[in-house]
Amino acid sequence: MQLHRILILSVSSALLWAQHAKDDEAAKHPFMGNPDRIEAGRKTYLGGCAGCHGPEGGGGRGPSLIERGAWHPMTDDNLYATIQKGVGIMPAANLPTDRGWELVAFVRSLTAPAVEMKAPGDAAAGEKLFWSTNGCSGCHRIGGKGGFAGPDLSNIGRTSTLPKLRRSIVDPDFERTPGFERADLTLRDGSKLSGLVKDRTNYRLQLQLKDGALRSVPVETIETVELTKPSIMPADYKTKLTRDDVTNLVSYLRQQGAN
Ligand code: HEC
Ligand code: HEC
């Protein structure tokens with residue numbers, strides 16, 4: 001399974017590279033990356049596409065448009081043609097040219113690095129929430145400050161997309177990040193130890209403790225190991241935070257990695 005993944009990833013990066021080379025040659029359509037056109041495209045999308053591809057592009061009767069771009073790259077022209085003419089059970093959209101290109105710009109925005117996209121929301125309010133007591137910084141680091149229980153988010157605007165950022169906050173189990181599985185150990189001497197499993201071999205378990213320190217635990221000293229499967233990131237932000245809170249957090253996080 002792991003090997004399978006690695007193979008797919010290397011194939012996809014070759015494809016992406018080829019795609020990038022092509023993008024550099026072709027002049028971009030002026031609607032690409034234009035926030036007003038993307039917003040107009042979103043409206044058309046919600047009316048005619050969301051029923052099959054999901055309101056956030058996550059998929060349904062039709063494939064996910066959030067993940068799919070990574071391993072199934074299409075030129076902008078092909079995307080336009082697919083939307084206008086339809087494919088398989090997907091009906092032809094037959095929209096006026098500008099409406100069609102707005103949709104292409106919107107679909108592209110779903111897989112573009114968040115830092116390259118304009119996003120609604122108040123980044124300053126998001127920043128405040130992120131660093132507040134019991135906020136996100138208890139587990140996440142940005143710029144060398146914060147906790148160790150979750151991934152460092154200093155570069156998250158480059159490695160994530162806007163829809164993925166939103167989804168990471170409201171649905172942490174959707175896509176796990178390796179290295180953040182929590183283990184509760186009982187040792188042979190009766191003591192207990194908890195941490196994130198950073199590495200394991202037949203001989204030792206490497207744990208990262210709450211303070212960030214790494215501890216290598218020889219397996220022969222371990223009595224029991226209890227692994228916590230769901231993400232340790234709280235699963236209730238979807239209800240605890242308002243929609244505006246989430247939008248503001250995304251607006252703050254998308255800037256991380258800007259330079
Ligand atoms: C009736 C359901 C349905 C509707 C409505 C629909 N789609 Fe699709 N869409 C699909 C299905 C199913 C596929 C996969 C087709 C195939 O590969 O045979 C698809 C494929 C696609 C693809 C290609 C994905 C890829 O990587 O191959 C894009 C892009 C897309 N749709 C965008 C849109 C947009 C934009 C709209 C709105 C104008 C839309 N779709 C409306 C069902 C739908
Ligand atoms: C109790 C610790 C904890 C808290 C609090 C927490 N997170 Fe997380 N977060 C995690 C962990 C652990 C992951 C990795 C997902 C996993 O479990 O595989 C994660 C993943 C993420 C990711 C995805 C990172 C990536 O590499 O794609 C984002 C974005 C994120 N969190 C944002 C937030 C925001 C915003 C808040 C505050 C509203 C928050 N987190 C609060 C622990 C936490």
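**Entry 1: the shell around ligand 2**

I began with the helices that line ligand 2. α9 and α11 (243-253) each supply at least two residues of its shell. I then asked which element gives the most to this shell. The answer is α9, with three residues. I note here that the model is a predicted one.

Next I looked up how many residues surround ligand 2. There are 22, and the closest are Cys136, Cys139, His140, Ser231 and Met233. I sorted the shell by class. I found 15 nonpolar residues, six polar ones and one charged one.

**Entry 2: polar contacts of ligand 2**

I went through some N and O atoms around the ligand. The side chain of His140 has an N or O atom 2.8 Å from a nitrogen atom of ligand 2. Arg176 places a polar side-chain atom 2.7 Å from an oxygen atom of the ligand. Thr177 uses its backbone instead: an N or O atom there lies 2.7 Å from an oxygen atom of ligand 2.

**Entry 3: the iron atom of ligand 2**

Which residues coordinate the iron atom of ligand 2? I found His140, through NE2, and Met233, through SD, at 2.0 to 2.2 Å. This pair links distant parts of the chain. His140 is in the loop between α7 and β1, while Met233 is in the loop between β7 (222-228) and α10 (237-240). They are 93 residues apart.

I checked the geometry too. The iron atom has six donor atoms, with angles of 87 to 178 degrees among them, and the site is octahedral. For reference, I noted that the ideal angles for six octahedral donors are 90 or 180 degrees.

Then I asked whether His140 is buried or exposed. Its relative accessibility is 11%, so His140 counts as buried. Met233 has 23% relative accessibility, so this residue counts as partly exposed.

**Entry 4: the iron atom of ligand 1**

I moved to the iron atom of ligand 1. His53 (NE2) and Met90 (SD) coordinate it, at 2.0 to 2.1 Å. How far apart in sequence are the parts that this pair ties together? His53 lies in helix α3 (residues 50-53) and Met90 in the loop between α5 and α6, so the parts tied together are 37 residues apart in sequence.

This site is octahedral, with angles of 84 to 179 degrees among the six donor atoms of the iron. I looked up the exposure of both residues. His53 has a relative accessibility of 10%, so His53 counts as buried. Met90 is partly exposed because its relative accessible area is 26%.

**Entry 5: two asparagines with positive phi**

I turned to the backbone. Most residues other than glycine have a negative phi. I wrote down two residues with a positive value.

Asn94 has a phi near 50 degrees. Where is Asn94 found? I located it in the loop between α5 (76-85) and α6 (97-109). Asn94 counts as exposed because its relative accessibility is 64%.

Asn134 has a phi near 60 degrees. This residue is in the loop between α7 (123-131) and β1 (141-142). Its relative accessibility is 78%, so Asn134 counts as exposed.

**Entry 6: two buried serines**

I picked out Ser160 and Ser109. Ser160 sits in the loop between α8 (156-159) and α9 (162-170). Why does Ser160 count as buried? I found a relative accessibility of 3%, and the cut-off for buried is under 20%.

What does Ser160 touch, leaving aside residues up to four places away in sequence? The list is Ala112, Pro113, Ala114 and Leu165.

Ser109 is part of helix α6. Its relative accessibility is 8%, so Ser109 counts as buried. With residues up to four places away in sequence left out, Ser109 touches Ile38 and Met117.

**Entry 7: the chain overall**

I closed with the whole chain. I counted eleven helices and seven strands. The chain has 259 residues, and 34% of them are buried.

Last, I looked up contacts between residues with a separation of 6 or more. Of these, 59% join residues 24 or more positions apart.

Terms used. Residues are numbered from 1 along each chain as its sequence is written. Chains are lettered from A and ligands numbered from 1 in the order in which they are written. This is a predicted model: local features need pLDDT of at least 70, side-chain atom pairs count only at pLDDT 80 or more; totals for chains, interfaces and linings use all residues. Side-chain values use heavy atoms; hydrogens and water are left out. Helices (H or I, at least four residues) and strands (E, at least two) are DSSP runs, numbered from the N terminus. Buried means under 20% relative accessible area, exposed over 50%, partly exposed in between (1.4 Å probe, protein chains only). Contact means heavy atoms within 4.5 Å. A residue is near a molecule or strand if one of its heavy atoms lies within 4 Å of it. A polar contact is a pair of N or O atoms within 3.5 Å; within protein, one must be able to donate a hydrogen and the other to accept it, and residues adjacent in sequence count only if both atoms are side-chain atoms. Ala, Val, Leu, Ile, Met, Phe, Trp, Tyr, Cys and Pro count as nonpolar, Asp, Glu, Lys and Arg as charged, and the others, Gly among them, as polar. Donors are N, O and S atoms within 2.8 Å of the metal (3.2 Å for Na, K and Ca); water is not among the atoms, so sites may look incomplete. Four donors count as tetrahedral if all angles lie between 85 and 135 degrees; four count as square planar and six as octahedral if opposite donors are over 155 degrees apart and all others between 65 and 115; anything else is irregular.
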